[in-house]
Every structure is written in C-alpha cells, then in structure tokens.
Amino acid sequence: MGDTWSQLPWPGPPHPTMLLVSLLLAAGVMHSDAGTSCPVLCTCHNQVVDCSSQRLFSVPPDLPMDTRNLSLAHNRITAVPPGYLTCYMELRVLDLRNNSLTELPPGLFLHAKRLAHLDLSYNNLSHVPADMFQEAHGLVHIDLSHNPWLRRVHPRAFQGLLQLRDLDLSFGGLAFLSLEALEGLPGLVTLQIGGNPWVCGCTMEPLLKWLRNRVQRCTSDSQLAECRGPPEVEGAPLFSLTEESFKACHLTLTLDDYLFIAFVGFVVSIASVATNFLLGITANCCHRWSKANEEEEI
C-alpha cells in the first residue's frame, strides 16, 4: 500500500479559491454552532437584528446571542413570552412599536441590564404594573405613547430607573398619574404627557405642583396637556393651574360651621315631622268628609 501511494503524482498546493471556500464553510459552521444564526424573515448585520414590517404574529424564537439592537416594529405581535430576553445580555435597543401588545410578562427585563432604549408606542397596553422594568436600571428612554387604552400607571412602575432621561406617556387614556411614579426619577429631562384625558381634581394637585417646579429643567409638551374635567377647568392647559385653582381642596370647617350644619339639620328634621303631621291630619279630614257625604246621600 505504501508503494502504491508513493507512485501517485503529488497534487500540488491547494488552490486559493478552494482554500477560501473551506474557510468560509468552517466559519459558517462555527457561526451556527455559536447560536448566532439569523431568524427567518429578519436581517442581521453588526449585532443589529431587523424583523420589522414582516407581518409577524409572534416574536422570532431564536436570535443571535450577541444582539444589541432588536427591531420588531410594525408587525402584529400580540404577546412576548416570559423569559424571552434572558439570553440576550448585550441588548441595548428594543423596538416593539406599532404592534398589538396588551401587556408584557412579569420579569421580562430581569436580565436586560444593558437595555437603554425601549419603544412600546402604538400598542394596546392598558396598564403599567409595579416593577415592570425591574433590573433594567440602564434604561435611558421609554416610549409608551399612543396606547389609547392605557388607563393606569402604578406608583412603582418606574422604580429604580435612576438613569431615565426621556419618558413619553402622551396620547393615552390617562386621567390621573401618581406623583410617586415620577418623583423617583432624578435624571428625567423630557416628559411627554399631552393628549390624555386628565381630570384636574384635588388628587392631581401634588403632581401638578411637582411639574411646575420641574418645568424649567424638564422639557414637557405643556401646550398639548389639557384638562378634560371637572367642568370648571375643562380645556385649561395643565400647567396653567395654580394653587388658587385648588383652593377649594383645602377648605376646612370650623366649630361654628359644624354647629350651623347641625342646627340646619335639626330644623329640617322638625319641618319634615311637622309636614308629615299636617299631611296626616289633612288626609284624615278628607277621609271623614268623604264618608259623611256618602252617609247623607243614603
């Protein structure tokens, strides 16, 4: 056998083209083995995964492990499965705008510690629960605008987001927002709250007072933020309300006021009893008169 091999002609050095093909195939195998293959209907380039405008009804199951920028915008996604972001430690930007999301699973951002930009605008979210962004302490920008069914933001919804600079809550269904939801955001620079049906009652006074103090160093869409109620301030710009506007919220009753109310109540009670007594007598007299007439006719 050795003599046979020795008699075969030497094929010469490998052709450069064949060598390049072999290297590319090996790289492709390594790329696939590393779990970084690009999902179907998506494009992947330089750690950016773009799955936008593909009419997706669900999120793609597998993404490159080193994904930094993920766009799922302009689809028909109705839900994100729990733990979906667990393996993507490098994720910086997540774009979920213009989908059909009604809620997000608890703990979705537990492992998204480097996430900085989150866009959830143009969805159907109804509430922002407590600790929704738990552990995503690197968030700088959150867009929750144009969620028409968004009625409630929990007081601890943005807890721990010390680096948050831009928050957009505009054009939703918010009638009230707790001061606690915002006062724990020391880095807040831009706040958008216009286009909501704000009810500017007594419960809104703490928030409006805080906003007035922050308006100089916090950019806000003050021209778009208007009151929808109560009737006396309907249509008024949110930031035009002053302490005088809430004067009625601080009225207190004195002892004389309580005595007067008690006296009026007593008088009304006596009048009611007297009225009932007179009505009873009148009814009794009418009954007797009617009976007497009937006897005379007989």
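Helix α5, which spans residues 255–297, contains Ile 281. In this predicted model, Ile 281 joins Phe 277 and Leu 278 in forming a nonpolar surface patch of about 320 Å². The relative accessible area of Ile 281 is 38%, and this residue is therefore classed as partly exposed, since the value falls between the limits of 20% for buried and 50% for exposed residues.

Charged side chains were examined next. Side chains of opposite charge can pair when their charged atoms come close. In total, 5 salt bridges are found in the structure. One of them connects Arg 114 with Glu 90, with a separation of 2.9 Å between the closest N and O atoms. This pair brings together distant parts of the chain: Arg 114 belongs to the loop between β4 (93–95) and β5 (117–119), whereas Glu 90 belongs to the loop between β3 (69–71) and β4, and the two residues are 24 positions apart in the chain. Arg 114 is partly exposed, at 44% relative accessibility, and Glu 90 is likewise partly exposed, at 25%. Both residues also take part, together with Arg 92, in a network of salt bridges.

A second link between distant parts of the chain is provided by Lys 113 and Glu 135, whose side chains form a salt bridge with an N to O distance of 3.3 Å. Here Lys 113 is located in the loop between β4 and β5, while Glu 135 is located in the loop between β6 (127–128) and β7 (141–143), 22 residues away. Glu 135 has a relative accessible area of 27% and is partly exposed.

A further salt bridge pairs Asp 95 with Arg 97, at 2.7 Å from N to O. The two partners fall into separate accessibility classes: Asp 95 is buried because its relative accessibility, 10%, lies under 20%, whereas Arg 97, at 31%, is partly exposed.

The confidence of the prediction was also considered. The mean pLDDT of the protein is 80, and 75% of the residues reach 70 or more. Residues 1–11 have pLDDT below 50, and this stretch makes 0 contacts in the model beyond near neighbours in sequence. Residues 16–34 also have pLDDT below 50, with 3 contacts in the model beyond near neighbours in sequence. Where pLDDT is low, the predicted coordinates should not be read in detail.

Terms used. Residues are numbered from 1 along each chain as its sequence is written. Side-chain values use heavy atoms; hydrogens and water are left out. A salt bridge is a side-chain nitrogen of Lys or Arg within 4 Å of a carboxyl oxygen of Asp or Glu. Helices (H or I, at least four residues) and strands (E, at least two) are DSSP runs, numbered from the N terminus. Buried means under 20% relative accessible area, exposed over 50%, partly exposed in between (1.4 Å probe, protein chains only). Patches are made of residues with over 30% relative accessible area and no salt bridge: like charges are joined within 9 Å, nonpolar side chains (Val, Leu, Ile, Met, Phe, Trp, Tyr) within 5 Å. Accessible areas come from the Shrake-Rupley method with a 1.4 Å probe; for residues, only the protein chains shown count as cover. pLDDT is the predictor's confidence in each residue, from 0 to 100. Contact means heavy atoms within 4.5 Å.
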